[in-house]
Amino acid sequence: MHSKTRQEPLRRLLLTGAAGALGRVLREGLKPCAQVLRLSDIAAMAPAGAAEEVVVCDLADKQAVDRLVAGCDAIVHMGGVSVERPFEEVLEANIRGSFHLYEGARRHGVRRVVFASSNHVVGFHDTCDRLDADCARRPDGYYGLSKSFGEDLSRFYFDRYGIETACLRIGSAYPQPQDQRMLSTWMSYADLTALVQRCLAVEQLGHTIVYGASANPSAWWDNGKAEHLGFVPRDSSAQFAATAALPGFAPGSPEARYQGGSFVTRGPFETP
Ligand code: NAI
Ligand code: 15L
């Protein structure tokens with residue numbers, strides 16, 4: 001049974017990563033959720049439209065993030081390094097960046113965050129495993145570790161300061177699956193948008209971990225412990241299974257064995 005939803009739109013909602021692939025989708029999809037949408041990224045964004053504010057900001061800059069968060073009621077945090085990269089890059093954008101964001105939320109009275117975590121927090125689980133929100137975390141690289149840190153960070157800020165967070169362990173959010181693995185991990189843009197909207201609207205969010213996937217036949221993840229969100233995916237990868245021959249990993253390879261796919265063998269990026 002999912003909790004009631006609040007009727008009033010937020011006054012000001014901050015969306016980080018607004019220049020990114022998912023940020024550009026949510027820039028449109030979140031318009032009904034707030035009177036003003038504050039859009040931020042380290043990269044240039046399209047000019048502000050009606051009821052929008054555009055702020056270029058490096059998440060690694062604590063003072064800039066503090067100014068960015070001031071005046072916001074909630075945050076959808078999509079910004080940061082979004083693939084497996086050297087630790088130093090991940091440290092600045094994702095680990096320091098999420099710390100700066102939560103410190104800003106604490107200082108400025110933000111009460112809710114929707115945090116873009118990732119399936120790579122559990123990427124070294126076997127593709128035969130079916131996972132729920134309480135499974136052991138098995139990060140599959142520095143990127144997955146940074147998202148695992150974000151999940152712990154947000155839990156701490158909930159337990160200590162009551163700031164609610166939904167951690168979205170997003171699978172593969174693209175217009176359509178790009179390989180066999182994505183028949184299990186795919187999430188449509190419409191389902192992603194609906195999930196973020198639910199996380200903003202429910203009255204009781206607490207600290208929730210939810211897997212971001214459409215209603216795929218070969219799903220690996222169980223959202224039974226996130227039922228209070230009332231999120232019901234409408235799309236499914238089944239529509240793509242029989243079409244073009246989607247590439248797959250070599251049987252028996254680590255990429256085929258583990259849920260993280262190609263991430264499990266990237267790195268270690270040794271610098272001379
Ligand atoms: P993306 O790479 O297109 O967008 C990320 C944005 O963050 C970029 O526009 C980039 O400029 C910005 N950014 C990077 N470093 C920054 C910094 N130091 N300060 C401020 N902004 C910075 O990634 P995408 O695909 O849009 O993903 C959005 C979020 O969702 C990311 O956090 C990613 O880790 C997460 N995610 C995405 C999945 C997907 O299938 N697209 C799956 C799982 C998680
Ligand atoms: C992620 O976390 C990445 O941000 C995205 O680009 C995809 O690689 C996705 O995981 C995936 O596992 O397909």
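I take a polar contact to be a pair of N or O atoms within 3.5 Å, and I begin with that cut-off because the first entry turns on it. The model I am reading is a predicted one.

**Entry: ligand 1**

I looked first for the polar contacts of ligand 1, and I found that a backbone N or O atom of alanine 173 lies 2.7 Å from one of the ligand's oxygen atoms. Tyrosine 143 also reaches an oxygen atom of ligand 1, here with a polar side-chain atom at 2.5 Å, while aspartate 58 places a polar side-chain atom 3.0 Å from a nitrogen atom of ligand 1. I then noted the area: ligand 1 taken alone exposes 820 Å², and the protein buries 84% of that.

I next listed the surroundings, where 26 residues stand around ligand 1, and Leu22, Asp41, Ser82, Tyr143 and Ala173 come nearest. Sorted by class, this shell has 14 nonpolar, nine polar and three charged residues. I asked myself which element gives the largest share of the shell around ligand 1. I read that share as belonging to β5, with three residues, and I recorded that α1, β5, α4 and β7 each supply at least two residues of the shell.

**Entry: ligand 2**

I turned to ligand 2 and wrote down the residues that surround it, namely Ser82, Ser118, Asn119, His120, Tyr143, Gly171, Ser172, Tyr174, Arg181, Met182 and Phe263. By class, I have four nonpolar, six polar and one charged residue in this shell. Tyr143 and Ser82, which I had listed among the nearest residues to ligand 1, are also named around ligand 2.

For the polar contacts of ligand 2, I found a backbone N or O atom of serine 82 at 2.5 Å from an oxygen atom of the ligand, and a polar side-chain atom of serine 118 at 2.8 Å from an oxygen atom of the ligand. Tyrosine 174 contributes a side-chain N or O atom, which is 2.9 Å from an oxygen atom of ligand 2. Ligand 2 taken alone exposes 320 Å², of which the protein buries 82%.

**Entry: the pockets**

Which pocket holds ligand 1? I placed ligand 1 in the largest pocket, and I noted that the space taken by ligand 2 is the largest pocket as well. The volume of the largest pocket came out at about 880 Å³. I counted 45 residues in its lining, and those closest to its centre are Leu22, Val81, Ser82, Val83 and Tyr143.

I went through the secondary structure of this lining and found that α1 (21–29), β2 (34–41), α3 (87–107), β5 (112–118), α4 (142–161) and β7 (172–173) each give at least two residues to the largest pocket. The lining of the largest pocket divides by class into 21 nonpolar, 18 polar and six charged residues.

I also looked at the second largest pocket, for which I have a volume of about 200 Å³. It is lined by 14 residues, and Tyr211, Ala213, Asn223, Phe231 and Pro233 lie nearest its centre. In its lining I find nine nonpolar residues, four polar ones and one charged one.

**Entry: the cavity**

How many cavities of 30 Å³ or more does the structure hold? I found one, and about 40 Å³ of space lies in the largest cavity. Its lining consists of His77, Gly79, Asn94, Ser98, Phe115, Ser146 and Lys147, to which α3 and α4 each supply at least two residues. By class, I recorded one nonpolar, five polar and one charged residue in the lining of the largest cavity.

**Entry: local details of the backbone and loops**

I checked aspartate 73, which has its place in the loop between α2 (62–69) and β4 (74–77). The side chain of aspartate 73 makes a polar contact of 2.6 Å with the side chain of arginine 11, and the side chain of aspartate 73 also reaches the backbone nitrogen of arginine 12 at 2.7 Å.

I then looked at alanine 51, in the loop between β2 and β3 (52–56), and noted a positive phi of about 60° for this residue, although alanine 51 is not a glycine.

My last check was the peptide bond that joins glycine 267 and proline 268, which is cis, with omega about 10°. I located proline 268 in the segment after α8 (254–257).

Conventions:
Residues are numbered from 1 along each chain as its sequence is written. Chains are lettered from A and ligands numbered from 1 in the order in which they are written. This is a predicted model: local features need pLDDT of at least 70, side-chain atom pairs count only at pLDDT 80 or more; totals for chains, interfaces and linings use all residues. Side-chain values use heavy atoms; hydrogens and water are left out. A residue is near a molecule or strand if one of its heavy atoms lies within 4 Å of it. A polar contact is a pair of N or O atoms within 3.5 Å; within protein, one must be able to donate a hydrogen and the other to accept it, and residues adjacent in sequence count only if both atoms are side-chain atoms. Accessible areas come from the Shrake-Rupley method with a 1.4 Å probe; for residues, only the protein chains shown count as cover. On a 1 Å grid over the protein atoms alone, a cavity is a set of points where a 1.4 Å probe fits but cannot get out, and a pocket is an open set with protein on both sides within 12 Å along at least five of seven lines; lining residues have an atom within 4 Å of a point. A molecule sits in a cavity or pocket if more than half of its atoms lie within 2 Å of its grid points. Ala, Val, Leu, Ile, Met, Phe, Trp, Tyr, Cys and Pro count as nonpolar, Asp, Glu, Lys and Arg as charged, and the others, Gly among them, as polar. Grid points are joined across faces, edges and corners, and a volume is the space filled by probe spheres set on the points. Helices (H or I, at least four residues) and strands (E, at least two) are DSSP runs, numbered from the N terminus.
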